[in-house]
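Q: I'd like to learn how to read helix packing and aromatic contacts in a model. Can we walk through one together?

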Amino acid sequence: MDVYKDLQAKIAGGKMDSAFERLYKTGIASQKLRYLEAIGQFARLFGSDRQPDLFSAPGRTELSGNHTDHQHGRVLAAAVTLDTIAVAAPRSDNIVNIQSEGFELSTADLSTLEKVEAETGSSSSLIRGVAADLAANGFAIGGFDAYTTSTVPAGSGLSSSAAFEVLIGTIFSHFYNSDSISAIQLAKTGQFAENSYFGKPCGLMDQTASASGNVVAIDFQNPQDPRVTQVDCDFKTLGYALFVINAGGSHADLTDEYAAIPDDMRAVASCFDRTHLRDVEPGTFFQMLPELRQPVSDRAILRAMHFFAENQRVLDQTTALHDGRIQDYLTLMQASGDSSANMLQNIYPADNTRERSVSLALALCQHLLAGQGAWRVHGGGFAGTVQALVPLDQSDRFREKVDAVFGQGSCIELLVRPDGGVRLNAESEAST
């Protein structure tokens with residue numbers, strides 16, 4: 001039996017079911033079909049004489065800590081069962097070829113690790129950026145061929161880019177470093193690739209959640225060495241379904257809106273001779289409120305107030321989840337959403353009176369849930385997604401009503417995944 005048929009037989013015969021059940025929890029039959037099809041695509045593209053491995057990296061959802069990471073604050077996030085998978089095999093040279101479903105082939109020759117300006121904004125830039133950072137940190141790199149496919153919807157706020165970066169790093173870790181690259185190194189490498197080679201500014205939350213798995217409380221007080229604490233959590237066992245609502249709305253021309261939030265926060269911090277709000281004592285800030293209204297805007301002050309409250313709220317929500325106190329968690333989640341709307345002010349762009357998609361989604365959640373569950377803006381804001389925790393007995397109706405307003409498939413249920421980037425063990429289970 002050749003390698004492909006052997007691998008396909010193990011999947012079809014149930015020998016990898018425990019790995020699929022761990023990563024996906026539901027829909028195992030469709031996941032098996034998905035992997036079988038990906039194996040077939042790899043064979044068609046790169047030849048049937050290879051010995052491939054299977055890899056997966058998850059998307060992520062932000063649970064709390066809205067716009068706190070860039071001020072060295074705390075964040076609560078979770079890896080989810082929506083993921084990007086790869087069928088990959090090593091090469092004997094330094095060429096990396098990645099064929100992602102629905103896209104053109106991405107190629108990078110790792111003989112050159114310097115940034116290639118023409119690649120900016122492309123998948124090839126992420127491949128080269130990940131390889132360059134790993135090499136700079138003393139890890140081995142080499143070529144490979146891969147076919148990838150993803151269930152992380154692009155533009156959904158679930159960070160398909162972080163999943164792709166962590167997936168690349170996980171492949172390098174397995175093929176050339178005996179699976180020795182830590183989750184936090186994979187995260188920092190992914191951020192480096194996205195910032196320095198792809199050309200998109202981002203914090204470290206997305207990559208850390210994707211690389212770590214589970215619910216994670218992340219403290220960025222020292223962003224070079226963030227403290228990551230895993231929290232076991234299954235919202236369904238606590239009686240709730242976790243949804244994100246893709247409310248649509250254009251992200252075009254929002255760069256200035258996003259940039260103004262850290263700018264405002266840093267302006268307040270500078271009044272205390274600090275660079276980031278994490279280094280400002282909340283008590284001192286509130287004592288100085290009268291004096292602050294001269295050098296900075298009221299909007300900046302409100303955004304700083306959001307930061308201080310949200311930074312503490314992450315700790316309180318983490319403790320509530322750890323203790324299984326779901327009602328306390330819901331109260332805090334709603335407070336996070338209210339703070340983002342009223343103080344952070346990132347639920348609609350200031351200069352576009354027609355863009356209110358996030359506001360509409362939040363109002364719809366309030367109408368449908370009528371005080372049960374909780375809802376909040378998810379991620380950067382201004383347009384995009386809303387997160388909601390919905391009582392299980394209302395989840396079907398909730399999804400139906402939301403889809404009727406925003407379109408079929410706009411209301412996406414999320415399940416927390418226990419693992420970050422993994423190679424799927426063909427014998428029994430996923431291995432990091």
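A: Sure, and let's start with a term: contact means heavy atoms within 4.5 Å. Keep in mind that this is a predicted model.

Q: With that in hand, which residues in α4 meet which residues in α6?

A: On the α4 side you have S125, L126, R128, G129, V130, A132, D133 and L134, and they meet Q185, K188, T189, F192, A193, E194, Y197 and F198 in α6.

Q: How do I describe the way two helices pack?

A: In general, two packed helices are described by the angle between their axes and the distance between the axes. Here, the axes of α4 (residues 123-136) and α6 (residues 183-198) come within 8 Å and cross at roughly 125°. That angle makes α4 oblique to α6.

Q: What is the handedness of the crossing of α4 and α6?

A: The α4 and α6 crossing is right-handed.

Q: Where is S178 found, and is S178 buried or exposed?

A: You'll find S178 in the loop between α5 (160-177) and α6. S178 has a relative accessible area of 67%, so it counts as exposed, the cut-off being over 50%. As for its distance to A135, the two are 43 residues apart in sequence and 15 Å apart in space, C-alpha to C-alpha.

Q: Now the rings. How do I read an aromatic pair?

A: A pair of aromatic rings is described by the distance of the centres and the angle of the planes. A search of the whole structure finds 15 aromatic pairs. One of them is F175 with Y176, an edge-to-face pair at 6.4 Å centre to centre with 80° between the planes. F175 counts as buried because its relative accessibility is 17%, whereas Y176, at 24%, counts as partly exposed.

Q: What about F285 and F286?

A: F285 and F286 also form an edge-to-face pair, 4.9 Å centre to centre and with 80° between the planes. F285 is at 0% relative accessibility, so it counts as buried, while F286 comes out as partly exposed at 39%.

Q: Which residues form one aromatic cluster with F175 and Y176?

A: F55, F144 and F172 join F175 and Y176 in one aromatic cluster.

Q: One last ring: what lies over the face of Y348?

A: That's R356, which sits over the face of Y348 at 3.7 Å from the ring centre.

Definitions and conventions
Residues are numbered from 1 along each chain as its sequence is written. This is a predicted model: local features need pLDDT of at least 70, side-chain atom pairs count only at pLDDT 80 or more; totals for chains, interfaces and linings use all residues. Side-chain values use heavy atoms; hydrogens and water are left out. Rings of Phe, Tyr and Trp (its six-membered ring) pair if their centres lie within 6.5 Å; planes under 30 degrees apart count as stacked, over 60 as edge-to-face and the rest as tilted. Buried means under 20% relative accessible area, exposed over 50%, partly exposed in between (1.4 Å probe, protein chains only). A charge sits over a ring if NZ of Lys or CZ of Arg is within 6 Å of the ring centre and within 35 degrees of the ring normal. Axes are lines fitted to C-alpha atoms, for helices over the stretch in contact, and angles run from 0 to 180 degrees between N-to-C directions. Helices (H or I, at least four residues) and strands (E, at least two) are DSSP runs, numbered from the N terminus. Angles under 35 degrees count as roughly parallel, over 145 as roughly antiparallel, 65 to 115 as roughly perpendicular and the rest as oblique. A crossing is left-handed if the near helix is turned anticlockwise from the far one by less than a right angle, and right-handed if clockwise.
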